[in-house]
Every structure is written in C-alpha cells, then in structure tokens.
Amino acid sequence: MESGPAIFAGMVFALFGGALLVWTAVRVRHREPVAQGVSPVASATLATLVALVALAVGTWCFTRL
C-alpha cells in the first residue's frame with residue numbers, strides 16, 4: 001500500500017522532467033527563447049538542470065519501491 005504514493009510521485013517527476021527537457025531542446029533547436037528577457041544560454045542551462053534534477057528525483061522515487 002505504501003508503494004502507491006512513490007509510484008505516483010515518480011511518474012509526476014519523470015513526466016515533468018522529460019517534458020521540460022524535450023521542450024527546452026525544441027526551443028533551443030529552433031533558436032527561440034526559453035524564457036523572455038533572460039540570456040538564452042542561462043535560461044536554457046537552468047531549464048536543462050531543473051529537468052535533469054526532476055528526472056533524478058523521479059528515478060529516486062522508483063528505487064524506493
């Protein structure tokens with residue numbers, strides 16, 4: 001019964017991290033800004049780091065099953 005919340009949290013983090021990583025890659029590939037009014041390199045780097053952290057947390061949740 002305790003694995004239900006871990007599965008849910010892992011899926012949420014994995015989906016968010018994956019979607020953010022894909023979205024950031026598409027924006028960078030089309031040379032469009034990732035965030036308005038911020039340096040393109042800084043915003044792409046920060047978005048990529050947040051996506052990777054979310055994927056890592058999702059993976060950690062799945063290892064707790």
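**View 1. A salt bridge links Glu-32 and Arg-27.** Welcome to this predicted model; our tour starts with a pair of charged side chains. Glu-32 and Arg-27 form a salt bridge, and their closest N and O atoms lie 2.9 Å apart. If you are looking for others, the count is quickly done, as the structure holds one salt bridge. Are the two partners buried or exposed? Glu-32 falls in between: it counts as partly exposed because its relative accessibility is 38%. Arg-27 also counts as partly exposed, with a relative accessibility of 21%; buried would require a value under 20%.

**View 2. The whole chain is built on two helices.** Let us step back for a moment to see where that pair sits. The protein chain has two helices and zero strands. Helix H1 covers residues 3-29, and helix H2 covers residues 40-63. Along the principal axes, the C-alpha atoms fill a box of roughly 45 × 15 × 15 Å. The radius of gyration is 14 Å, whereas a compact globule of 65 residues would have one near 11 Å. Of the contacts with a separation of 6 or more, 73% are between residues 24 or more positions apart.

**View 3. Helix H1 and the turn of the backbone just after it.** How many residues does H1 have, and how far does it reach? It has 27 residues and spans 38 Å from its first C-alpha to its last, close to the 39 Å expected at 1.5 Å a residue. Five names are worth finding along this helix: Ala-6, Gly-10, Gly-17, Leu-20 and Thr-24 are buried in H1. H2 is part of what covers these buried residues. Just after H1, look for Arg-31, which takes a positive phi of about 55°.

**View 4. Thr-24 and Ala-47 touch across the two helices.** Thr-24 belongs to helix H1, while Ala-47 belongs to helix H2. Thr-24 counts as buried because its relative accessible area is 2%. Leaving aside residues up to four places away in sequence, Thr-24 touches Val-34, Ala-44, Ala-47 and Thr-48. Ala-47 is buried too, with a relative accessible area of 11%. With the same sequence neighbours left out, Ala-47 touches Leu-20, Thr-24 and Val-34. Val-34 therefore appears among the contacts of Thr-24 and among those of Ala-47, and both of these residues count as buried because their values are under 20%. For another reference point, find Trp-23: its C-alpha atom is 9.4 Å from that of Ala-47, although the two residues are 24 apart along the chain.

**View 5. A nonpolar patch lies on the surface.** Which residues form this patch? They are Ile-7, Met-11, Leu-15, Phe-62 and Leu-65, with about 460 Å² of accessible area together. Helix H1 gives the most to the patch, with three residues. Phe-62 is found in helix H2, and its relative accessibility of 32% is the reason it counts as partly exposed.

**View 6. The surface and the interior of the chain.** To finish, here is the chain seen as a whole once more. About 4,800 Å² of the protein chain is exposed, and carbon and sulfur atoms supply 73% of that area. On the inside, 20% of the 65 residues count as buried, among them Thr-24 and Ala-47.

Conventions: Residues numbered from 1 in each chain as written. Predicted model: local features only at pLDDT ≥ 70, side-chain atom pairs only at ≥ 80, totals over all residues. Heavy atoms only, no water. Helix = DSSP H or I, 4+ residues; strand = E, 2+ residues; numbered from the N terminus. Rg over C-alpha atoms; globule rule 2.2 N^0.38 Å. Buried < 20%, exposed > 50% of the residue type's maximum accessible area, 1.4 Å probe, protein only. Contact = heavy atoms within 4.5 Å. Areas by Shrake-Rupley, 256 points an atom, 1.4 Å probe, with all protein chains shown as cover. Salt bridge = Lys/Arg side-chain N within 4 Å of Asp/Glu carboxyl O. Patch = residues over 30% accessible without salt bridge, like charges linked within 9 Å, V, L, I, M, F, W, Y side chains within 5 Å. Expected span 1.5 Å × (residues − 1).
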